[in-house]
Amino acid sequence: MSAALSTGNNRDDLAALGFGLWAYGSICWVPGRFAEAVAVLTEALSISQCTRQPWQLAVNYTFLGIVRHEQGNYIEAERLLSEGYCRAHSLGDPRPNSFSNSFLSHTAQALGQYDRMFDVLKEGLRLATETGDRFGQGVAIEQLAQVSHALGREADAQKYFAEGLALYQAIGDDRSLARVLNNMAAINLARGAEDEAQTLYAKALQNALEATALPIALDALAGLSAIRARQGDDESALALVLAVARHPASTQGAVARAGQLQCGLAARLTPDH
């Protein structure tokens with residue numbers, strides 16, 4: 001039994017400790033302290049398995065899955081998030097249910113599983129709307145935008161993106177606002193709208209820094225580095241790429257994009273022999 005479990009004198013002590021660890025692990029996730037978040041949330045999950053508290057089990061599985069996703073462990077993330085979703089669903093409480101299925105969709109997208117998630121997200125949006133959970137609404141809408149884009153439903157994607165931006169602005173959620181702006185910027189960059197992409201990435205970077213959301217800020221820098229490379233500013237682009245690739249708060253997705261760009265830049269900057 002872990003050291004944390006041995007400190008609790010009874011079930012209530014353990015439950016309080018588990019809740020505190022979950023809260024701390026969540027705090028570690030936001031600025032990109034992923035390794036610390038995994039260690040703390042794993043301990044919190046162990047405690048909730050001991051105390052058998054259904055709500056705490058659901059959120060611990062879900063948050064541990066979210067961090068695993070950020071680290072690029074998508075198969076493990078899917079397993080954890082699926083468990084969190086099933087447990088949240090069994091509670092009969094729509095709020096954690098809405099939250100878990102939206103993040104499960106995020107991982108399903110990383111694994112290329114788009115079609116099956118659309119109806120799940122619509123259900124999550126319905127539940128969040130019924131309970132007045134505006135953050136849950138925002139997450140579901142944001143994921144619906146991403147899925148719609150992946151399925152080629154651009155009109156729907158633009159509608160959902162606009163709704164997500166408006167909702168996050170209304171509730172003052174700079175972190176989530178920055179994340180949506182990054183996603184919109186990436187889509188614009190892919191279709192060659194560099195000026196629009198640069199504006200969106202710059203706004204995302206500003207919002208992410210104000211929210212101390214380093215992983216999202218680094219995602220924006222990865223996008224800006226790609227724009228610099230397209231503009232021929234290879235040395236500046238390489239400096240940004242290296243900063244993203246080496247920073248411990250970078251998500252695996254940002255590191256992968258930076259690595260691909262770094263290879264191309266290195267080839268262009270290496271003199272011919």
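For my tallies, Ala, Val, Leu, Ile, Met, Phe, Trp, Tyr, Cys and Pro count as nonpolar, Asp, Glu, Lys and Arg as charged, and the others, Gly among them, as polar. I'm working from a predicted model.

**Entry 1: the largest pocket**

I sorted the lining of the largest pocket by class and got 20 nonpolar, 14 polar and 6 charged residues. I put the volume of this pocket at about 1200 Å³. It has 40 lining residues, and I noted His106, Gln146, Asn183, Asp219 and Arg257 as the closest to the centre.

Next I looked up where the lining comes from. Helix 4 (54-70), helix 6 (94-110), helix 8 (134-150), helix 10 (174-190), helix 12 and helix 14 (252-269) each give at least two residues. Helix 10 has the largest share, with 8 residues.

**Entry 2: the second largest pocket**

I got a volume of about 180 Å³ for the second largest pocket. Its lining holds 14 residues, and Trp55, Val59, Arg95, Pro96 and Phe99 lie nearest the centre. The elements that put in two or more residues here are helix 4 and helix 6. Helix 4 brings the largest share, 5 residues. By class I have 9 nonpolar, 2 polar and 3 charged residues in this lining.

**Entry 3: helix 11 against helix 12**

Helix 12 turned up in the largest pocket's lining, so I checked its packing with helix 11. Helix 11 covers residues 194-210 and helix 12 covers 214-230; their axes sit 8 Å apart at an angle of about 155 degrees. Because angles over 145 degrees count as roughly antiparallel, I logged the two helices as a roughly antiparallel pair. Their crossing is left-handed.

On the helix 11 side, the contact residues include Tyr201, Leu205 and Leu209. Across from them, helix 12 offers, among others, Ile216, Leu224 and Ile227. I also spotted Asp219 in this contact, and Asp219 is one of the residues closest to the centre of the largest pocket. The class split for the contact is 13 nonpolar, 2 polar and 3 charged.

**Entry 4: helix 7 against helix 8**

I did the same for helix 7 (residues 117-131) and helix 8, whose axes come within 8 Å and cross at roughly 160 degrees. These two are therefore roughly antiparallel as well. I noted a left-handed crossing.

Helix 7 makes the contact with residues including Phe118, Leu121 and Leu125, while Ile141, Leu144 and Val147 are among those from helix 8. I counted this contact as 8 nonpolar, 6 polar and 1 charged residues.

Terms used: Residues are numbered from 1 along each chain as its sequence is written. This is a predicted model: local features need pLDDT of at least 70, side-chain atom pairs count only at pLDDT 80 or more; totals for chains, interfaces and linings use all residues. Side-chain values use heavy atoms; hydrogens and water are left out. Axes are lines fitted to C-alpha atoms, for helices over the stretch in contact, and angles run from 0 to 180 degrees between N-to-C directions. Helices (H or I, at least four residues) and strands (E, at least two) are DSSP runs, numbered from the N terminus. Angles under 35 degrees count as roughly parallel, over 145 as roughly antiparallel, 65 to 115 as roughly perpendicular and the rest as oblique. A crossing is left-handed if the near helix is turned anticlockwise from the far one by less than a right angle, and right-handed if clockwise. Contact means heavy atoms within 4.5 Å. On a 1 Å grid over the protein atoms alone, a cavity is a set of points where a 1.4 Å probe fits but cannot get out, and a pocket is an open set with protein on both sides within 12 Å along at least five of seven lines; lining residues have an atom within 4 Å of a point. Grid points are joined across faces, edges and corners, and a volume is the space filled by probe spheres set on the points.
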